Amino acid sequence: MEILNLEGTEDTPKIILDKKNGIFEISGRSLPEDSAEFYRPVLEWIGNYGGDANPSTDFVFKLEYFNTASSKLILDVLSALEDIKGMKIVWYYHEDDEDMEEAGQEFSELVEIPFEFKTY
Amino acid sequence: MNFIYELHRTMMSEKLILVYQGDFTQETTKSILTMAERNLDSSGEGSSAKRKVFNVMVEALQNIVKHSDELVEGETRSHAAIFLIGRAANRYSIMSGNPIRKQNIPNLQKKLEHINGLDKDGLKDLYKEIIKNTTISEKGGASLGFVDMARKSGEKLEFSFPEMNAEYCFFCLKVNVPRGEE
């Protein structure tokens, strides 16, 4: 399966989706002008991955900041991951960033996937 | 030329650390964010307040970008929007002003008053309700911006609609973020 690798910019996150090496990570800042357009390839990739997923997947979110339009798309990403067996979300937040911690908790209440919380 | 000094004095007395007027795009949004971040960093602001200010700024700026496109045509082109940040001893104020068609005011006002009527948990519930049920609008908004601003602020959103002309009012918004709780 092809690797999806997007370099982070000042308004878009770094994304690596690599089935072979078991790396699934969205990190950095997400405030793109058009969040639906930006996340479309991510959702497509997950759609394909779902048909032939690894036995277990740790999907990492390590976001420093995201805007509200991105939050809707993050929920779409989580919903797409929800149907994949062996899925776990690893939600990183900076140790003094209680807003990011709370955001992760809220997402965990909206989807049926186990969340692990970690600080950095 | 004395207006330059007058403007400077106004900015000092109102404790404004940043004022931008003109066209608003994603590019100007990024530039304004960079400038404001540098300012907050150099003033040694705590990371919690800094993050909240950044949050509110992004939502306010992207609101203007999204909603100023309806104003590009014809005479409304000149109705540029304005964005300001003030820093007082105990709080930051993120302020914006942009033209709005009069017919769109009742809806917006209702939304803002509803948000102002909610407490912390009420805002959280509303946020989850909207994010579950909304789809991204044509303008790229998830209609979560004001709710998020209210949550990050912890205070009521202040707003007014002074009249510009027969068709337009100027939507003024002020969001306060408390300083130094860390």
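Two residues are in contact if their C-beta atoms, placed from the backbone, lie within 7 Å. The model is predicted: local features need pLDDT of at least 70, side-chain atom pairs count only at pLDDT 80 or more, and totals for chains, interfaces and linings use all residues. Residues are numbered from 1 along each chain as its sequence is written, and chains are lettered from A and ligands numbered from 1 in the order in which they are written.

**Exercise 1.** Determine which residues I94(B) touches, and place I94(B) in the largest nonpolar core.

*Solution.* Step one: leave out residues up to four places away in sequence; I94(B) then touches V53(B), V56(B), M57(B), A60(B), I85(B), V175(B) and V177(B). Step two: define a nonpolar core as a set of buried Ala, Val, Leu, Ile, Met, Phe, Trp, Tyr and Cys residues joined through C-beta atoms within 7 Å, where buried requires 20 or more other C-beta atoms within 10 Å of the residue's own, exposed 12 or fewer, and partly exposed a count in between. Step three: the largest such core has 56 residues, and I94(B) is among those with the most contacts inside it, as are V77(A) and L61(B). Helix α3 of chain B (residues 47-67) gives this core its largest share, nine residues. In soluble globular proteins, nonpolar side chains tend to be buried together.

**Exercise 2.** Describe how α1(A) and α2(A) pack.

*Solution.* Step one: helices are DSSP runs of H or I with at least four residues, and strands are runs of E with at least two, numbered from the N terminus. Step two: with axes as lines fitted to C-alpha atoms over the stretch in contact, and angles running from 0 to 180 degrees between N-to-C directions, the two helices pack at about 10 degrees, their axes 10 Å apart. Step three: angles under 35 degrees count as roughly parallel, and α1(A) and α2(A) are therefore roughly parallel to each other. Step four: Y39(A), L43(A) and I46(A) are among the α1(A) residues that meet α2(A), whose partners include L73(A), V77(A) and L81(A).

**Exercise 3.** Classify D34(A) as buried, partly exposed or exposed, and locate it.

*Solution.* Step one: D34(A) lies in the loop between β3 (23-30) and α1 of chain A. Step two: D34(A) is partly exposed, because 13 other C-beta atoms lie within 10 Å. Step three: its C-alpha atom is separated by 8.2 Å from that of A69(A), 35 residues apart along the chain.

**Exercise 4.** State how many residues of chain A and chain B are in contact across the two chains.

*Solution.* Step one: 19 residues of chain A are in contact with 20 residues of chain B. Step two: on the chain A side, α2(A) supplies the largest share, five residues.

Note on methods: Angles under 35 degrees count as roughly parallel, over 145 as roughly antiparallel, 65 to 115 as roughly perpendicular and the rest as oblique.
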